[in-house]
Amino acid sequence: MPEIVLTDGGMGQELVRRSSSPPTPLWSGLVLMQEPDLVRDLHAEFIRAGARVITINAYAATPERLAREGAEDLFETLQRRAIDLAVEAREAAAEDDVLIAGCLSPLFGSYHPELTIPFEETLAIYRRIVAEQAGRVDLMLCETMASAEEARAAAIAASESGRPVWMAWTLADDPGPPRLRSGESLATASAALAGIELAARLVNCSRPETVDAALADLVALGGTVGAYANAFPDVGDLKHGGTVDVLGVRDDLGPAQYAQAAVGWVAGGAAIVGGCCEVGPPHIAALRDRLIEAGYTPVAALRD
């Protein structure tokens, strides 16, 4: 049976719904300290739903975001806690084939490629993050990369870990040819990573319709490709330093509809599928079931 890597869904929005605290710019970081059981339990739910790869909840725990909120001294603590909780969830699930992905996220915030610092400084920060994660994760995921330059810095740092590297770009949801939110094409973004060994190229945190339009371009890059979309109506309202409660959720992307879209990406050449923001455990469970019905075997890693 053909194998497909099935990943988890989005942690952040689901944690906002489950948390007893209102969202803040550091919501997904502070919940690691204040309500760790929520994080552990959500990882475990994704595993039970069929995810064979889970990503640590360190998306907001970058030095730049923490410094902006006066909490940079929490960096190492939050990174360790994020890994601890993912490991505990995997152990509790007693699933030997589940892999844990590290997380290299946009340093300043999602969807804003215009927020940049010099390349060497960006690279140094990503290396600092990798140093905290690499020894305890199975692969490094560079995700929601909105520009070729930030993606290159993340990929260089990730490749130095000795772990497999997945690169996931976020795409503009506007009409027109597929492109990163910076305006660069997928071909340009991929060319910027020349000389860096990648285990997979993906698109993430874009509308499913955007993934549909970009899939052929992604497959044309060669190698293993994948996709995991969000279920936001629009991300335009999320400003730098803002909180995710300003974003809504589509009412036409329930578990069945999302699973149908994702199985379509598999038919189009994707070997890795999962979900991003507003895609919860029920969506992943529905996707698992659809994959199995279609004759695929969900796995943690593809065999050579």
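W166 touches V5, T7, V53, L139, M140, L141, C142, A199, A200, L202 and I272, leaving aside residues up to four places away in sequence. This is a predicted model. W166 sits in strand β5, which covers residues 165-169. With a relative accessibility of 8%, W166 falls under the 20% cut-off, so W166 counts as buried. One of its contacts, C142, lies 24 residues away in sequence. In space, the C-alpha atoms of W166 and C142 are 6.1 Å apart.

L202 is also among the residues that W166 touches. From L202 the path leads on to L215, 13 residues along the chain. The C-alpha atoms of L202 and L215 are separated by 9.3 Å. L215 belongs to helix α9, residues 208-220. Its relative accessibility is 8%, so L215 counts as buried. Which residues does L215 touch, not counting those up to four places away in sequence? They are G264, W265, G268 and A270.

W265 brings us to the core. The largest nonpolar core has 103 residues. Within this core, W169 and W265 have the most contacts. Helix α7, residues 148-159, supplies the largest share of this core, with eight residues. W169 closes strand β5, whose residues run from 165 to 169.

Next, the cavities. Rolling a probe the size of a water molecule over the atoms shows where empty space is left. How many cavities of 30 Å³ or more does the structure hold? There are two. The second largest has a volume of about 40 Å³. Its lining consists of P106, L107, F108, G109, Y111, H112, P113, L115, T144, A146 and E150. By type, seven of the lining residues are nonpolar, three are polar and one is charged.

T144, one of the lining residues, deserves a second look. T144 is not a glycine, yet its phi is positive, at about 60°. T144 is placed in strand β4, residues 139-145. Is T144 buried or exposed? Its relative accessibility is 1%, so T144 counts as buried.

A94 offers another positive phi. The value is about 55°, and A94 is not a glycine either. A94 lies in the loop between α5 (75-93) and β3 (99-104). Its relative accessible area is 59%, over the 50% cut-off, so A94 is exposed.

A94 follows helix α5. How does the span of α5 fit its residue count? The helix has 19 residues, and at 1.5 Å a residue they should span 27 Å. The end C-alpha atoms are 28 Å apart, which agrees. Several residues of α5 are buried: F75, L78, Q79, A82, I83, L85, A86, V87 and A89.

Helix α3 can be read in the same way. It covers residues 36-49, and its 14 residues should span 20 Å at 1.5 Å a residue. The end C-alpha atoms of α3 are 20 Å apart, which agrees. Its buried residues are P36, L38, V39, L42, H43, A44, F46, I47 and A49. After α3 comes G50, with a positive phi near 125°. After α5 comes A94, with a positive phi near 55°.

Methods: Residues are numbered from 1 along each chain as its sequence is written. This is a predicted model: local features need pLDDT of at least 70, side-chain atom pairs count only at pLDDT 80 or more; totals for chains, interfaces and linings use all residues. Side-chain values use heavy atoms; hydrogens and water are left out. Helices (H or I, at least four residues) and strands (E, at least two) are DSSP runs, numbered from the N terminus. The expected span of a helix is 1.5 Å times one less than its number of residues. Buried means under 20% relative accessible area, exposed over 50%, partly exposed in between (1.4 Å probe, protein chains only). A nonpolar core is a set of buried Ala, Val, Leu, Ile, Met, Phe, Trp, Tyr and Cys residues joined through side-chain atoms within 4.5 Å. On a 1 Å grid over the protein atoms alone, a cavity is a set of points where a 1.4 Å probe fits but cannot get out, and a pocket is an open set with protein on both sides within 12 Å along at least five of seven lines; lining residues have an atom within 4 Å of a point. Grid points are joined across faces, edges and corners, and a volume is the space filled by probe spheres set on the points. Ala, Val, Leu, Ile, Met, Phe, Trp, Tyr, Cys and Pro count as nonpolar, Asp, Glu, Lys and Arg as charged, and the others, Gly among them, as polar. Contact means heavy atoms within 4.5 Å.
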